[in-house]
Amino acid sequence: MIAMTRLGSQSLDQLFGKKTWARLLTTGVLLVCVLWAVPDLAQGPVQLFATVLNHSRGLDELGMLLTGIGFQIIVLGCGFGTIGLFWPGFAIGGMAGAALAVVLAPGVAPVVAFAGGAAFLAAVFGTPLSAAALAYEMSGSPVVLVCALAAGWGAREFRRTIWKKSMIDLELETLGVPLVEGRSASVLDSVLVWEAMITDHEVV
């Protein structure tokens with residue numbers, strides 16, 4: 001998904017250049033097409049996630065919702081960057097967790113759904129702590145907090161083995177702000193070794 005978003009963003013840059021209005025118009029048309037194909041997405045990601053938690057759905061319906069939100073995230077990422085992707089990302093991860101729970105452990109579906117949402121956010125954005133905190137705030141359950149934190153850390157480390165950079169890192173690089181381990185590469189390159197090692201006092 002990160003690779004598809006980056007490819008789509010680069011394609012829009014090549015097509016429209018600095019014509020922001022054309023980029024926004026294309027993104028809007030694509031979003032309307034996604035909502036037309038999957039009308040349930042019009043509820044919004046938070047309401048949709050709550051509906052999935054409160055009402056059991058079949059694998060076919062969950063698969064359609066997952067596909068729709070996946071396309072929605074890609075379109076939003078291509079058109080607007082990471083703005084507005086937090087809740088849709090949590091929703092798609094939560095629905096993936098709910099689908100997994102339907103097959104493996106129906107009795108703990110809410111816990112698995114929250115863990116899935118946290119895992120998706122942590123993998124795509126590289127924010128396991130924020131994702132776990134969000135899951136805890138929504139559920140109020142310490143069990144959900146522990147499971148979401150474990151799933152988030154595991155998902156982020158797994159993503160790093162196959163794709164080194166998060167979506168936020170890629171967006172910053174596109175804007176001309178390359179990062180090295182979360183720090184600005186230009187700032188690190190401008191700091192000399194002797195400047196980094198110097199102290200604020202003199203030794204006599």
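**Exercise 1. Which residue forms a salt bridge with R160, and how far apart are the closest N and O atoms?**

Before starting, keep in mind that this is a predicted model.

*Solution.*
- Step 1: Look for the partner. R160 pairs with E157, and their closest N and O atoms lie 3.3 Å apart.
- Step 2: Check the criterion. A salt bridge needs a side-chain nitrogen of Lys or Arg within 4 Å of a carboxyl oxygen of Asp or Glu, and the 3.3 Å of E157 and R160 fits that.
- Step 3: Place the pair on the helix. E157 and R160 sit three residues apart in helix α8, so about one helical turn separates them.
- Step 4: Add accessibility. R160 is partly exposed, at 35% relative accessibility, and E157 is partly exposed too, with a relative accessible area of 36%.

**Exercise 2. Find the salt bridges in the whole structure and work out which residues they link.**

*Solution.*
- Step 1: Get the total. Searching the whole structure turns up two salt bridges.
- Step 2: You already have E157 with R160. The other pairing to look at is R156 with E157, where the closest N and O atoms are 3.4 Å apart.
- Step 3: Put them together. E157 takes part in a bridge with R156 and in one with R160, and R156, E157 and R160 are linked in a network.

**Exercise 3. Is R156 buried or exposed, and what does it touch beyond its sequence neighbours?**

*Solution.*
- Step 1: Locate R156: it belongs to helix α8.
- Step 2: Apply the cut-off. Buried means under 20% relative accessible area; R156 has 12%, so it counts as buried.
- Step 3: List the contacts. Setting aside neighbours within four places in sequence, R156 is in contact with A122, A123, G126 and P128.

**Exercise 4. Describe the two faces of helix α8 and compare the helix's span with the expected one.**

*Solution.*
- Step 1: Start with the span. Helix α8 covers residues 142–162, which is 21 residues, and its first and last C-alpha atoms are 31 Å apart, close to the expected 30 Å.
- Step 2: Pick out the buried residues of α8: V144, A148, G152, A155, R156 and R159.
- Step 3: See how they are arranged. They cover an arc of only 100° around the axis, which puts them on the same side of α8.
- Step 4: Turn to the face pointing away from that buried side. The exposed residues there are P142, V143, V146, A150, F158 and T161.

**Exercise 5. Where is V102, and which nonpolar surface patch does it help form?**

*Solution.*
- Step 1: V102 is in helix α5, residues 86–104.
- Step 2: α5 has 19 residues and spans 27 Å between its first and last C-alpha, close to the 27 Å expected.
- Step 3: Note the buried residues of α5, among them P88, F90, I92, M95 and A101.
- Step 4: V102 comes out as partly exposed, at 39% relative accessibility.
- Step 5: Gather the patch. L100, V102, V103 and L104 make it up, with about 380 Å² of accessible area together.

**Exercise 6. Zoom out: how many helices and strands does the protein have, and how much of it is buried?**

*Solution.*
- Step 1: Count elements: eleven helices and two strands.
- Step 2: Read their order along the sequence: α-α-α-α-α-α-α-α-α-β-β-α-α.
- Step 3: Of the 204 residues, 36% count as buried.
- Step 4: Take the surface: about 11900 Å² is accessible, with 68% of that belonging to carbon and sulfur atoms.
- Step 5: Among contacts with a separation of 6 or more, 64% are between residues 24 or more positions apart.

Technical notes:
Residues numbered from 1 in each chain as written. Predicted model: local features only at pLDDT ≥ 70, side-chain atom pairs only at ≥ 80, totals over all residues. Heavy atoms only, no water. Helix = DSSP H or I, 4+ residues; strand = E, 2+ residues; numbered from the N terminus. Buried < 20%, exposed > 50% of the residue type's maximum accessible area, 1.4 Å probe, protein only. Contact = heavy atoms within 4.5 Å. Areas by Shrake-Rupley, 256 points an atom, 1.4 Å probe, with all protein chains shown as cover. Expected span 1.5 Å × (residues − 1). Arc of directions from axis to C-beta. Patch = residues over 30% accessible without salt bridge, like charges linked within 9 Å, V, L, I, M, F, W, Y side chains within 5 Å.
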